[in-house]
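Work through these exercises with the sequence and the 3D view side by side. Try each task before you read its solution.

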Amino acid sequence: MSTLTTSTAWLSLQDHQPVMAKQDLRELFAQDSQRFKNFSLKFNDILMDYSKHPINQNTINLLLTLARQQGLEKKISEMFCGRRVNFSEDRAALHFALRREDALIIDGVDIMPEVHDVLTKMERFTSSIRNGERKGYSGKAFTDIVSIGIGGSNLGPVMVTEALNPYSASHISSHFISNIDGTQLSTILKKLDPETTLFIIASKTFTTQETMANAHSARKWFLAQGGCEKDVQNHFVAVSTNRMEVEKFGINADNIFKFWDWVGGRYSLWSAIGLPIALSIGMENFYLLLKGAREIDQHFIDAPMERNLPVILGLIGIWQINFFGAKSHAVLPYDQSLHRFPAYLQQLEMESSGKRIDRNGNEVDYSTGAVVWGEPGTNGQHAFYQLLHQGTQIIPADFLIPCISHNPVGDQHRLLIANFIAQTEAMMRGKRKTEVCEEYEVELPKKSAIEDSFKKTIPHKVFPGGRPTTSILFKKLDPKTLGSLIALYEHKVFVQSVIWNTNPFDQWGVELGKQLAGKILGELDNKIQITSHDSSTNGLINYFKENR
């Protein structure tokens, strides 16, 4: 047994869980007219309602005791002071510095001038592309930006660019290539004119297999479609730490945007990795994105834990995962612009929390995360909500929605809001047998044949209710608000890592597959029967070679 699961705070929550598991959420609301007020928080234009969880004030107190036992406040301070919280790689996690304004001294050096230099360079570059000052090899202004990356170098920029589409430049189109499957690359390139296309290669090491394969294919296409070798330096830019490899590719040193090893990929959209975002929405809006995140950073540092949005959001997750056994977590944005937000959070949470070893090198004996997934509402209502309402698994869900739509078509946003609120109420309330029967009394005449038929359907119409949801409402999906939402979830992940005593900033599990892929790649190039792996892997390789 670990020191966590045998600790006083953990055992107190374990004892408390059966008490709350017996509580009916309806009754909890009926007993406390102030329940919403007591279990919701506001930050700027963001409201977070967590009252539809099986909690009472004692639950929150016990969770806060667990957080204090695990030294959460100290760990927050250590991260923001630049301590080496990424202990397995012996470095700080300084993604928050990318949106910071004041000095941050690391190993005796203020890193902020360099951060601001990169932002200034991004600003100049972005302006020159958007105003048409910088042109392609034939003298035409750039109309298409193609970002080539994978993982955090792709998911963040894609998500934000899509989410902030109402702020995008009408004369510039953004495209993203991440999949090593040539279909994505080919489909996008078919639409483009090489004379007006700018490529951004985003790779910290400039050796990432998928990214570099796509980058070289894009370069080959560019040269085949009329570009010359000397034009590569004007049509390709890089976000990387590996200047030598970038220049070998043909990119001018002036077109390299610096990236630091203290920024993890899934935390990198605030850096030059966000160049596609800046090109789409403009640097002024990019600065607002940073400002929104910076304000949540300060809130995370300053707010008392009981009024701290990331702390409470993280602790509610701990309550569901570790004490109610939740294995899955749905993220349900009721805004089509946020359709990539669940995928972004999927990487942020699962890559950060998917750990089985604690800080002391010991295997954990508790869950350290849930499967994160989701789709926009109301599409999801007609797809998988049935399982959320009446399935055998209890799946906590986060619902997100803006109060004001960027696209107010007819009465549709009111319908969207109504569905958003109704779904969270339905999941909380459920539908009891007595209510199903009362509906029957009102709607149908008392005829025995109908009664018999109806009685058979009663069990199918009963909803258990008690399905936990967190509702996050915000005034409008603008750059500042989106920045705050992203940072909110970043810090939620950190809170949970402190409770679990794990490192949310490494991802060693990703490396093994890369290593094996490199070995297998060489084995695909000949006709020799492969026998060096297990029988399944050998069989798959050999079948491919026979049928390619």
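The exercises below concern a predicted model, and they go from the whole chain to single residues.

**Exercise 1. The overall fold**

Task: Find how many helices and strands the protein chain has, and decide whether its radius of gyration agrees or disagrees with that of a compact globule.

Solution:
- Step 1. Count the elements. The protein chain has 22 helices and 13 strands.
- Step 2. Get the expected value. For 548 residues, a compact globule would have a radius of gyration near 24 Å.
- Step 3. Compare. The protein chain has 26 Å, which agrees with the globule value.
- Step 4. Look at the box. Along the principal axes, the C-alpha atoms fill roughly 85 × 60 × 60 Å.

**Exercise 2. Inside, outside and charge**

Task: Describe the buried share, the contacts, the surface and the charges of the protein chain.

Solution:
- Step 1. Take the buried share. Of the 548 residues, 52% count as buried.
- Step 2. Turn to contacts. Consider pairs at least 6 apart in sequence: 73% of these contacts join residues at least 24 apart.
- Step 3. Read the surface. The accessible surface is about 24,900 Å², and carbon and sulfur atoms account for 51% of it.
- Step 4. Place the charges. There are 58 positive and 60 negative charges, and their mean positions lie 2 Å apart.

**Exercise 3. Two residues to classify**

Task: Decide whether Asp506 and Ala202 are buried or exposed, and list what each one touches.

Solution:
- Step 1. Locate Asp506. It sits in the loop between α20 (479–500) and α21 (509–523).
- Step 2. Apply the cut-off. Buried means under 20% relative accessible area. Asp506 has 6% relative accessibility, so it counts as buried.
- Step 3. Find the partners of Asp506. Leaving out residues up to four places away in sequence, it touches Asn86, Ser88, Glu89, Arg266, Glu351 and Lys355.
- Step 4. Look at one partner again. The side chains of Asp506 and Ser88 are joined by a polar contact of 2.5 Å.
- Step 5. Move to Ala202. This residue belongs to strand β7 (residues 197–202). Its relative accessibility is 4%, so Ala202 counts as buried.
- Step 6. List its contacts. With residues up to four places away set aside, Ala202 touches Ile148, Gly149, Ser153, Thr211, Val239 and Ile273.

**Exercise 4. Sequence distance and space**

Task: For the pairs Asn58 and Leu13, Met244 and Phe206, Leu11 and Met48, and Ala202 and Lys514, set the separation along the chain beside the C-alpha separation.

Solution:

| Pair | Residues apart along the chain | C-alpha separation |
|---|---|---|
| Asn58 and Leu13 | 45 | 9.6 Å |
| Met244 and Phe206 | 38 | 9.3 Å |
| Leu11 and Met48 | 37 | 28 Å |
| Ala202 and Lys514 | 312 | 18 Å |

- Step 1. Place Asn58. It is in helix α4 (residues 57–69). At 40% relative accessibility, Asn58 counts as partly exposed.
- Step 2. Place Met244. It is in helix α11 (residues 243–249). Exposed means over 50%. Met244 has 60% relative accessibility, so it counts as exposed.
- Step 3. Place Leu11. It is in helix α1 (residues 8–21). Its relative accessible area is 35%, so Leu11 is partly exposed.
- Step 4. Check the contacts of Leu11. Neighbours within four places in sequence aside, Leu11 is in contact with Thr5 and Thr6.

**Exercise 5. Backbone geometry**

Task: Say what is notable about the backbone at Asn44 and Asp90, and about the peptide bond that joins Gly377 and Thr378.

Solution:
- Step 1. Recall the rule. Most residues other than glycine have a negative phi, and most peptide bonds are trans.
- Step 2. Check Asn44. Its phi is positive, about 50°, although Asn44 is not a glycine. The residue lies in the loop between β1 (40–43) and β2 (46–49). At 49% relative accessibility, Asn44 counts as partly exposed.
- Step 3. Check Asp90. It too is not a glycine, yet has a positive phi of about 50°. Asp90 is in the loop between α5 (72–80) and β3 (105–106). Its relative accessibility is 49%, so Asp90 counts as partly exposed.
- Step 4. Check the peptide bond. Gly377 and Thr378 are joined by a cis peptide bond, with omega about 10°. Thr378 lies in the loop between β11 (371–373) and α16 (385–390).

Key:
Residues are numbered from 1 along each chain as its sequence is written. This is a predicted model: local features need pLDDT of at least 70, side-chain atom pairs count only at pLDDT 80 or more; totals for chains, interfaces and linings use all residues. Side-chain values use heavy atoms; hydrogens and water are left out. Helices (H or I, at least four residues) and strands (E, at least two) are DSSP runs, numbered from the N terminus. The radius of gyration is taken over C-alpha atoms; the globule rule is 2.2 Å times the number of residues to the power 0.38. Buried means under 20% relative accessible area, exposed over 50%, partly exposed in between (1.4 Å probe, protein chains only). Contact means heavy atoms within 4.5 Å. Accessible areas come from the Shrake-Rupley method with a 1.4 Å probe; for residues, only the protein chains shown count as cover. Lys and Arg count as positive and Asp and Glu as negative; His and the chain ends are not counted. The place of a charge is taken as NZ of Lys, CZ of Arg, CG of Asp or CD of Glu. A polar contact is a pair of N or O atoms within 3.5 Å; within protein, one must be able to donate a hydrogen and the other to accept it, and residues adjacent in sequence count only if both atoms are side-chain atoms.
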